[in-house]
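This report describes the strand pairing, the helix packing and the ligand surroundings of one structure. The sequence and the model are shown first.

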Amino acid sequence: MNTTTARPDIWCEDLVRIYSTEGVEVQALQGLNLVVDPGDVVALVGASGSGKSTLLNILSGLDRPTGGRARVAGVDLMAMSRAQRVDYQRSVVGFVWQQTSRNLLPFLTAADNVALPMVISGRGGRGARAAELLDLLGVADCADRRPAQLSGGQQQRVAIATALANAPSVLLADEPTGELDDAASEQVLGAMRSAAEELGTTVLVVTHDPTVSDHVRRTVQIRDGRTSTEVLRQTVVDADGVERTVAREYTVIDRAGRIQLPRAHVDELGLRDRVRIEKESSHVQVWPDDETHGTGDDALGADEEPPGTDGEERR
Ligand SMILES: Nc1ncnc2c1ncn2[C@@H]1O[C@H](COP(=O)(O)OP(=O)(O)OP(=O)(O)O)[C@@H](O)[C@H]1O
């Protein structure tokens with residue numbers, strides 16, 4: 001298998017995926033760039049049809065990109081043979097689907113479902129590891145029950161334990177809380193994050209769930225088949241010694257220097273066709289294309305914080 005040593009766990013450069021059906025081409029991914037560091041827990045959000053599932057299918061080895069490059073845990077996804085792909089799906093990535101029924105075998109208990117991937121890969125110590133993972137996900141008491149005897153949230157937590165059974169470097173989850181109510185979603189996302197932290201697993205979770213940002217450090221927005229903006233959450237201690245969570249919004253800049261401004265800023269400021277840019281010593285300003293904005297009193301000073309990096313509280 002093609003591996004490299006120095007690496008982020010997920011690395012995508014200019015990923016393109018074009019679907020052709022009955023002579024009609026759909027560009028699901030249009031030059032997507034994404035880098036996720038080992039151990040990070042990242043949410044991928046975006047409108048329906050923006051390309052989230054397409055990306056996850058590529059990263060999970062179920063689909064191949066039309067162009068671009070992608071590596072997961074050092075494995076070059078473009079260069080995998082069929083046999084390497086099977087090995088990749090067995091031991092490098094774990095996957096959780098939205099449909100609870102798709103994740104688990106109905107005739108096996110929770111413990112046996114978790115043990116199954118280890119049986120297939122020939123891993124030893126299966127019983128102990130299954131028990132440990134179920135405990136980590138907060139469903140140790142469900143070990144001897146079959147999926148039909150579990151709630152939707154419990155099933156998804158068992159599914160996460162199953163996906164983690166062979167100690168994958170990366171856990172991919174496509175709408176894992178899509179069929180759950182708010183309380184169950186909260187528990188599943190919380191359990192997934194703490195299990196990933198405990199095991200050092202990198203997580204990429206696709207979601208429409210607005211509460212997900214409470215559970216991840218980084219939320220990446222995908223728009224028209226490209227990553228556009230992202231929000232990073234950090235805990236800071238203010239001047240009074242009080243801890244608070246601060247969310248900062250960033251936009252992605254590609255190798256050609258292109259950036260995509262957040263839609264809300266574009267609409268609010270009436271930015272269109274052409275914008276005026278001014279370089280200051282520490283940042284670049286973007287202005288609507290009209291003559292009313294000079295470099296005079298209403299312009300931001302070079303020592304003021306640029307828009308979008310002002311540590312705005314979003315909770
Ligand atoms: N197998 C396919 N054949 C043709 N077009 C496809 C196929 N799969 C996805 N597409 C198209 O590619 C685009 C991206 O789809 P994708 O499923 O990745 O979006 P998504 O962001 O996951 O959407 P949702 O949130 O609704 O699941 C859409 O226009 C979709 O119609």
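In this predicted model, strand β3 (residues 41–45) and strand β9 are paired in the parallel sense, with four bridges between them. Within this pairing, Ala43 has Thr219 of β9 as its bridge partner.

Strand β9 (residues 218–223) also pairs with strand β10 (residues 226–237), here in the antiparallel sense and over five bridges. One of the paired positions is Arg223, whose bridge partner in β10 is Arg226. The two strands make a hairpin with two residues between them. In its turn, Asp224 has a positive phi of about 50°.

The chain of pairings continues from β10 to strand β11 (residues 243–251); these two strands run antiparallel and are joined by nine bridges. Thr235 is found opposite Thr245 in β11. The hairpin of β10 and β11 has five residues between the strands, and Gly241 takes a positive phi near 80° there.

The table collects the three pairings.

| Strands | Sense | Bridges | Residue pair |
|---|---|---|---|
| β3 and β9 | parallel | four bridges | Ala43 and Thr219 |
| β9 and β10 | antiparallel | five bridges | Arg223 and Arg226 |
| β10 and β11 | antiparallel | nine bridges | Thr235 and Thr245 |

In general, strands of a sheet pair through backbone hydrogen bonds, in a parallel or an antiparallel manner. Which sheet do these strands belong to? They are part of an open sheet of seven strands with mixed pairing, in the order β6-β7-β8-β3-β9-β10-β11. Strands β6 (93–96) and β11 form its edges, each pairing on one side only. From one strand to the next, the twist averages 20°.

The helices are considered next. Two packed helices are described by the angle between their axes and by the distance between those axes. For helix α4 (residues 110–121) and helix α5 (residues 126–136), the axes come within 9 Å and cross at roughly 125°. This angle lies outside the ranges that count as parallel, antiparallel or perpendicular, and α4 and α5 are therefore oblique to each other. Their crossing is right-handed. On the side of α4, the contact is made by Ala110, Ala111, Val114, Ala115, Met118 and Val119. From α5 come Arg126, Gly127, Arg129, Ala130, Ala131, Leu133 and Leu134. Sorted by class, this contact has 10 nonpolar, one polar and two charged residues.

A second helix pair is formed by α6 (residues 152–163) and α7 (residues 182–199), whose axes come within 9 Å and cross at roughly 15°. Angles under 35 degrees count as roughly parallel, so α6 and α7 are roughly parallel to each other. The crossing of α6 with α7 is right-handed. Gly152, Gly153, Gln156, Arg157 and Ile160 of α6 make the contact with Ala184, Gln187, Val188, Ala191, Met192 and Ala195 of α7. This contact has six nonpolar, four polar and one charged residues.

The last topic is the ligand. Which residues surround the ligand? They are Tyr19, Thr21, Val26, Ala28, Gly46, Ser48, Gly49, Ser50, Gly51, Lys52, Ser53 and Thr54. At least two residues of this shell are supplied by each of β1 (10–21), β2 (24–36) and α1 (52–59). Helix α1 gives the largest share, three residues. By class, the shell has eight polar, three nonpolar and one charged residues.

Methods: Residues numbered from 1 in each chain as written. Predicted model: local features only at pLDDT ≥ 70, side-chain atom pairs only at ≥ 80, totals over all residues. Near = placed C-beta within 6 Å. Nonpolar A, V, L, I, M, F, W, Y, C, P; charged D, E, K, R; others polar. Axes fitted to C-alpha atoms, helices over the stretch in contact; angles between N-to-C directions. Parallel < 35°, antiparallel > 145°, perpendicular 65-115°, else oblique. Left-handed = near helix turned anticlockwise from the far one by under 90°. Contact = placed C-beta atoms within 7 Å. Pairing = 2+ DSSP bridges.
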